[in-house]
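Visitor: Before we look at individual residues, could you take me through this model step by step, with the reasoning behind each answer?

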Amino acid sequence: MNIATKHLSSAALALALVLGGTTLAQRYAAQPRTIHVDVSHVSDFSDTRKLAGFADNVFIGRVLEKTGTHSPDGVLPETLFKVDVIRSLKGSLSGTVAVNQQGGFSAEENAMILIEEDKLLETGKVYMFATRTGGDGAWQTLVPEFGDLHMGNGVQQVDVVQKFEKAVKEQVKYQP
Amino acid sequence: MHRKIVVAAVALAMLIAPLSAFAHFLGNDSVDGREIRWEDYTAYDDARGHANSTWDALGRVNIAPDSATTIADLEWRDASRSDVSWDGMWSARTGADLIQLNSYYLRNYTTFKRRAVAAHEQGHALGLAHSYSNQLMNSCSTCSGYNTPQSHDRSDYYSLWP
């Protein structure tokens, strides 16, 4: 290999490394990571009676669409969903309501932010919701992990409904 | 020879298994070089002070206020939300991580409970995840009846910060 060819090869190799590295870096940077936020709940919500006593509303609803992301306290993203109320077990919700789920995509962090392991609601799916009213009545904020139980099908659905009917009947009111 | 390798492998597995089975780690924390430097924007100074001192006393991670020559790893702030189910929250962020105390609940808590919430969140900042109902790191910090690290909390802390 003469000197000119050697220089050309070196330049080509360097260019390939730079371009390849850039492409890899861009691909890596474009992949949003997941950040789990950890909270201290005000009550033991694994006890559905306490969950029902804490919630303003307990209802079965189908997620129609994701309507947006906002940040009421200016810190974390929260995601709003339009939900069709199928049946109310506690409270008087009906028709469609805005359900607010803490967590969502943060452009600033390039990350999906989740409260504990609480995955974002999925459009089309039916959930048992336990919520508190927020935003001066503009939305219903669900209890992460415990207040958005995917209903599943058949027997599982019946079991969940019976469990929550009983929980509402025997609810333990939240006391700070 | 083979027997020795098998025995060594079993011994290693027995050493590792209890850690993975019973330890409660987040895989993330606010510790930078064995130290958490914090900035204070919370009104709950007593609770924040208790949280810092009770974990700092365990000795492996220095928890100290931010200064002119250090970079803050953690901020303490307050929120006021009646629609959420948490009284305390720790979140990892680019730059300083954040502990939020929810004054909607804390303003009605006793000093003991406020300290429990703050110490629990400091536990998250140290990388500890939720554990058992009779520990500070129970998912409901005010339900455990403790506001200082208990046996398993300490065990997790010492495993994570040997």
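Visitor: Which residues of H2(B) are buried?

Guide: This is a predicted model, and what follows should be read as a description of that prediction. Among the elements that cover the buried residues of H2(B) are strand E1 (35-40), strand E2 (62-65), strand E3 (74-79), helix H4 (111-125) and helix H5 (151-160) of chain B. The buried residues of H2(B) themselves are Ala47(B), Arg48(B), His50(B), Ala51(B), Asn52(B), Thr54(B) and Trp55(B).

Visitor: How far apart are the end C-alpha atoms of helix H2 of chain B?

Guide: Helix H2 of chain B covers residues 45-56, and because each residue should add 1.5 Å, its 12 residues should span 16 Å. The model agrees with that expectation, since the end C-alpha atoms are separated by 16 Å.

Visitor: In which sense do E1(B) and E2(B) pair, parallel or antiparallel, and what is the handedness of the crossover between them?

Guide: E1(B) and E2(B) are joined over four bridges in the parallel sense, and in one of these pairings Glu35(B) has Asn62(B) as its bridge partner in E2(B). The chain passes from E1(B) through H2(B) to E2(B), a β-α-β crossover that is right-handed.

Visitor: Which residue of E3(B) is the bridge partner of Glu39(B)?

Guide: E1(B) also runs parallel to E3(B), with three bridges joining the two strands. Within E3(B), the bridge partner of Glu39(B) is Glu75(B).

Visitor: Where does Gly59(B) lie, and is Gly59(B) buried or exposed?

Guide: Gly59(B) belongs to the loop between H2 and E2 of chain B, and its C-alpha atom is 9.5 Å from that of Tyr158(B), although 99 residues separate the two along the chain. The relative accessible area of Gly59(B) is 55%, and because the cut-off for this class is over 50%, Gly59(B) counts as exposed.

Visitor: Which side chain of opposite charge is nearest to Asp73(B), and how far away is that side chain?

Guide: Asp73(B) sits in the loop between E2 and E3 of chain B, where its contacts, apart from neighbours within four places in sequence, are Ser30(B), Asp32(B), Glu35(B), Ile36(B), Arg37(B), Ala96(B) and Asp97(B). Asp73(B) is buried yet has no salt bridge, and a salt bridge would need a nitrogen to oxygen distance within 4 Å. The nearest side chain of opposite charge is Arg37(B), at 6.2 Å.

Visitor: Which residue of chain A meets Arg81(B) in a salt bridge?

Guide: A search over all chains of the structure finds 14 salt bridges. One of them crosses between chains, running from Arg81(B), in the loop between E3 and strand E4 (86-91) of chain B, to the loop between strand E2 (57-70) and strand E3 (78-90) of chain A. Arg81(B) counts as buried because its relative accessibility is 7%, whereas its partner is partly exposed at 24%. With a distance of 3.6 Å from N to O, that partner is Asp73(A).

Visitor: Which residues are linked with Arg81(B) in a network of salt bridges?

Guide: Within chain B, Arg81(B) also forms a salt bridge with Asp83(B), the closest N and O atoms being 2.9 Å apart, and both of these residues are buried. Together with Arg81(B), the network links Asp73(A), Glu78(A) and Asp83(B).

Visitor: What is the pattern of secondary structure along chain A?

Guide: Chain A has 176 residues, of which 43% count as buried. Among its contacts with a separation of 6 or more, 63% come from residues 24 or more positions apart. Its secondary structure comes to three helices and eight strands, and read along the sequence these follow the pattern α-β-α-β-β-β-β-β-β-β-α.

Visitor: Which residue of E4(A) stands opposite Leu114(A)?

Guide: Strand E5 of chain A, residues 111-115, is mostly covered, with four of its five residues buried. Strand E1 of chain A pairs with E5(A) in the parallel sense over five bridges, and there His36(A) has Leu114(A) as its bridge partner. E4(A) runs antiparallel to E5(A) and is joined to it by four bridges, and the residue standing opposite Leu114(A) is Gly103(A).

Visitor: Which residue in the hairpin of E4(A) and E5(A) takes a positive phi?

Guide: The hairpin has four residues between its strands. The residue that takes a positive phi, near 50°, is Asn110(A).

Key: Residues numbered from 1 in each chain as written. Chains lettered and ligands numbered in written order. Predicted model: local features only at pLDDT ≥ 70, side-chain atom pairs only at ≥ 80, totals over all residues. Heavy atoms only, no water. Expected span 1.5 Å × (residues − 1). Buried < 20%, exposed > 50% of the residue type's maximum accessible area, 1.4 Å probe, protein only. Contact = heavy atoms within 4.5 Å. Pairing = 2+ DSSP bridges. Right-handed = clockwise from strand over helix to strand, strands pointing away. Lys, Arg positive; Asp, Glu negative; His and termini not counted.
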